[in-house]
Amino acid sequence: MSGTGETRTLSARILVVEDQETVREFVLTVLTKAGHQVAVAMDGAEAVAAVRDTAFDLVLMDVYMPVMDGLTATREIRALEGPHSKVPIIAISGDAQSTAAAGMDDHVFKPFRKVELLRKIDAWLDRRAARLPEKSEEAAFEEACELMGRAWAVRGLTKLRVQIDEAFGANSDVARDSAQLAGQAHALVSLAAILGFSTLSELCSTLEEACRSGDDARRPFEAAKAAASEARKVATGRIADP
């Protein structure tokens, strides 16, 4: 990259592999507004086919997806013949050890925000990353509204409340199937961060990792449940606010 002496244009061809519609729309909009050409894939199998057929500058790959997960997709991409197998792949979930073992080049730890995502991409595309201050949760929500429009944000908040009720409703408990709870927590990680609920996002990420690793998930569950209750109240107020 920087060692080649080439001058990269401001626009890069990026493949986004993400099965969650709301997260995919957010990342697509962020990258498009940053000047990139973006293609999307819904799962790992679509990603492998896309990389086989198209020369991408970079791939953003979720790890936990149906049909084919990101780790399997990355291994298949690395097994391709020719230069397409060398495309930089940045994981957008999972843990650094397993993603590196699968052949991924870097990691965006959830929860991620617009600035963090672009900074990571800039580093891989040999552009200077902007040093911008961290935003408050309220400011992060306002940024999402400005970027995507209030109607989109309200739909996201409505979806967030549904996912909170599914994961942490009145009859929920940590004794359920760990894979189901991990999936529910995973669904909340990025959506909560995008909509300005960073605390909930971070606690759901901790809960997800506890469930997937087999650790005792009782304390992470209770912490995430308390944050979810507060986030639901805030989300309801934001939906009602004209």
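## Helices α7 and α10

Helix α7 (residues 150-168) and helix α10 (residues 218-240) pack with their axes 9 Å apart, at an angle of about 145 degrees. This and every other value below comes from a predicted model. The crossing in which α7 passes α10 is left-handed.

On the α7 side, the contact is made by Arg 150, Val 154, Leu 157, Thr 158, Leu 160, Arg 161, Ile 164, Asp 165, Ala 167 and Phe 168. From α10 come Phe 221, Ala 224, Lys 225, Ala 228, Ala 231, Arg 232, Ala 235, Thr 236, Arg 238 and Ile 239. Sorted by class, the residues of this contact between α7 and α10 comprise 12 that are nonpolar, 2 that are polar and 6 that are charged.

## Arg 155 on helix α7

Arg 155 is found in helix α7, and with a relative accessibility of 53% this arginine counts as exposed, because the cut-off for that class is over 50%. How far apart are Arg 155 and Ile 239 in sequence and in space? Along the chain the two are separated by 84 residues, whereas their C-alpha atoms lie 8.8 Å apart in space. Ile 239 is also one of the α10 residues that make the contact with α7.

## Helices α2 and α3

Helix α2 (residues 44-53) packs with helix α3 (residues 70-78) at an angle of about 20 degrees, and the axes of the two helices are 8 Å apart. Since angles under 35 degrees count as roughly parallel, α2 is therefore roughly parallel to α3. In passing α3, α2 makes a right-handed crossing.

Gly 44, Ala 47, Val 48 and Val 51 are the residues through which α2 makes this contact, and on α3 their counterparts are Ala 73, Glu 76 and Ile 77. By class, the residues of the contact of α2 with α3 divide into 5 nonpolar, 1 polar and 1 charged.

## Val 67, ahead of helix α3

Val 67 has its place in the loop between β3 (58-61) and α3. Is this valine buried or exposed? Val 67 has a relative accessible area of 72%, and therefore counts as exposed.

The backbone of Val 67 also deserves a look, for its phi is near 70 degrees, a positive value in a residue other than glycine. As background, most residues other than glycine have a negative phi.

## Helices α1 and α8

Helix α1 (residues 21-33) and helix α8 (residues 178-194) have their axes 9 Å apart and pack at an angle of about 45 degrees, and the two helices are therefore oblique to each other. The crossing in which α1 passes α8 is left-handed.

Which residues make the contact between α1 and α8? On α1 they are Thr 22, Val 23 and Phe 26, and on α8 they are Ser 190, Leu 191 and Ile 194. The contact of α1 with α8 has 4 nonpolar and 2 polar residues, and no charged residues.

## The chain as a whole

The secondary structure of the chain comes to 10 helices and 5 strands. The chain has 242 residues, of which 48% count as buried, and its accessible surface comes to about 11700 Å², with 52% of that area belonging to carbon and sulfur atoms.

If one takes the contacts in the chain between residues at least 6 apart in sequence, 67% of these join residues at least 24 apart. A long separation in sequence can also be seen in the pair described above, Arg 155 and Ile 239, which are 84 residues apart along the chain.

Technical notes:
Residues numbered from 1 in each chain as written. Predicted model: local features only at pLDDT ≥ 70, side-chain atom pairs only at ≥ 80, totals over all residues. Heavy atoms only, no water. Axes fitted to C-alpha atoms, helices over the stretch in contact; angles between N-to-C directions. Helix = DSSP H or I, 4+ residues; strand = E, 2+ residues; numbered from the N terminus. Parallel < 35°, antiparallel > 145°, perpendicular 65-115°, else oblique. Left-handed = near helix turned anticlockwise from the far one by under 90°. Contact = heavy atoms within 4.5 Å. Nonpolar A, V, L, I, M, F, W, Y, C, P; charged D, E, K, R; others polar. Buried < 20%, exposed > 50% of the residue type's maximum accessible area, 1.4 Å probe, protein only. Areas by Shrake-Rupley, 256 points an atom, 1.4 Å probe, with all protein chains shown as cover.
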